[in-house]
Amino acid sequence: MLKIEDLHVSVEGKEVLHGINLHIREGETHVLMGPNGSGKTTLLRSIMGFSGYEITSGKIFFKGRDVTDLPLNERARFGMGMMFQRPPTISGLKLGKLLSATSGGDVSSIGRYSSQMNMASFLDRDVNAGFSGGEIKRSEVLQLLIQQPDFVMLDEPESGVDLENIALIGHSIARLVEKDRHIIDRYKSGLIITHTGYILDYLDADAGHMLCDGEIKCHGNPREILKVIQEKGYQECIRCQK
Ligand SMILES: Nc1ncnc2c1ncn2[C@@H]1O[C@H](COP(=O)(O)OP(=O)(O)OP(=O)(O)O)[C@@H](O)[C@H]1O
C-alpha cells in the first residue's frame, strides 16, 4: 500500500526527517510513536503532500505508483486520507455541505455515519467552529468515514477525547482500516500516531515504529515498544535500537 524509501524532508529550510524507510502492506495498520518534536506529524503531512514540506531526497510509493511529486488533492483522489492533529476552522462552510461534496451527495451515508459519530446536530454548523476538542476528533473521523480512503493516516486520534468517545472513535477507526474483517479479506491500511496507545485497545496494530530526532530508531510490536517507553523512557528505547 505504502512504501517510503530514504525520505529526507525539510521544513522552513531545516531538515526534519533524515532518511525514513517504511513499508505498510495492504491490510496492515501501523502505529508511530516518539517524543514531542521528533517529526511524526511532519512524516504524515509529507506523505499526504502538504506544501511547505520539501522532499529533498527519497521516494514515496502509494499502491505501486511513485507519488513523491503528486499534489495533495490527487493523492486524496487516489485513496489517501488524513485526520489532522489540529484541524482548521472553516468559517462559511457547513459540515453537512463538506460531507455532501465528499460523498457526491450520498444522503443516506451522511445520515448513517453522522448518527454513528453522534454528529447529526452538527451538520448545519461551520466546520469545527466552536467544536470542543472531542467533537473535532469525531468530526474528523466522520469525514474519513464518508471519504473511505484506502490508506488512512491519523494524527493522535485519542488526544483530548473522553473515555466513552475514545471507544466510539476507536471502534470507528478499526472499521475504517477493516479490522472488523477477517485478515484475508482486509485491503485498507493505516498509520496512526499515538502517545498513549489507547487506540491499541480497539484495533490490533500490526507493527509499531519509534521515531526520534527525525529517524525511525526501532520497529516492532507496538505494545512492547510502548511498555519500554512507559517503564524506561524514550532514551532506553533508542539505546536498545532493535
Ligand atoms: N512550519 C514549521 N516551521 C518551523 N519548524 C517546524 C515547522 N513544522 C515543524 N517544525 C519543526 O519540526 C520538528 C518536528 O515537528 P513535528 O510536528 O513533526 O513533531 P511531532 O513528532 O509530531 O511532535 P508532537 O508529538 O509534539 O506532535 C519540530 O522541531 C517542529 O518545531
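Strands S1 and S2 run antiparallel and are joined by 8 bridges. Strands here are DSSP runs of E with at least two residues, while helices are runs of H or I with at least four, both numbered from the N terminus. Two strands count as a pair once DSSP finds at least two bridges between them. The model is predicted, so local features need a pLDDT of at least 70 and side-chain atom pairs count only at pLDDT 80 or more, whereas totals for chains, interfaces and linings use all residues. Residues are numbered from 1 along each chain as its sequence is written.

S1 and S2 make a hairpin with 2 residues between them, and Glu12 in the turn has a positive phi of about 50°. S1 (residues 2-11) also pairs with S4 (residues 53-62), again antiparallel and over 8 bridges. Leu2 shows both pairings nicely: Leu2 stands opposite Ile24 in S2, and its bridge partner in S4 is Phe62. His8 does much the same job of linking, with His18 as its bridge partner in S2 and Ser57 as its bridge partner in S4. Put together, the strands form an open sheet of 4 with the order S2-S1-S4-S5 and antiparallel pairing. S2 (14-24) and S5 (65-66) sit at the edges with a single partner strand each, so one side of each has no neighbour in the sheet. As a rule, strands of a sheet pair through backbone hydrogen bonds, either parallel or antiparallel.

Just past the sheet comes Val67, in the loop between S5 and helix H2 (72-77). Val67 counts as buried because it has 20 C-beta neighbours inside 10 Å. The cut-offs go like this: 20 or more other C-beta atoms within 10 Å of a residue's own make it buried, 12 or fewer make it exposed, and anything in between is partly exposed, with C-beta atoms placed from the backbone. Leaving out residues up to four places away in sequence, Val67 touches Ile60, Phe61, Phe62 and Arg75; a contact means that the two C-beta atoms, placed from the backbone, lie within 7 Å.

What about the ligand? The residues around it include Val11, Glu12, Gly37, Lys40 and Thr41, where a residue belongs if its C-beta atom, placed from the backbone, lies within 6 Å of the molecule. Helix H1 (residues 40-48) gives the most to this shell, with 3 residues.

Helix H4 (residues 107-116) has two sides to its story. Its buried residues are Ile110, Tyr113 and Ser114. Looking down the axis of H4, these fall within an arc of 100°, so they line one face of the helix; the arc is that of the directions from the helix axis to the C-beta atoms. On the other side of H4, Ser108, Gly111 and Ser115 are exposed. The buried residues of H4 pack against helix H3 (95-103) and helix H5 (133-147). After H4 comes Asn118, with a positive phi near 55°.

The largest nonpolar core has 59 residues, and Val141 and Ile173 touch the most other members. Such a core is a set of buried Ala, Val, Leu, Ile, Met, Phe, Trp, Tyr and Cys residues joined through C-beta atoms within 7 Å. Not counting residues up to four places away in sequence, Val141 touches Met83, Met117, Ile169, Ser172 and Ile173.

Two glutamates are worth a look for their backbone angles. Glu156 has a positive phi near 50° and lies in the loop between strand S9 (151-155) and helix H6 (163-176). With 20 C-beta neighbours inside 10 Å, Glu156 counts as buried. Glu178 has a positive phi near 60° and belongs to the loop between H6 and strand S10 (189-193). Glu178 counts as partly exposed, because it has 19 C-beta neighbours inside 10 Å. For background, most residues other than glycine have a negative phi.
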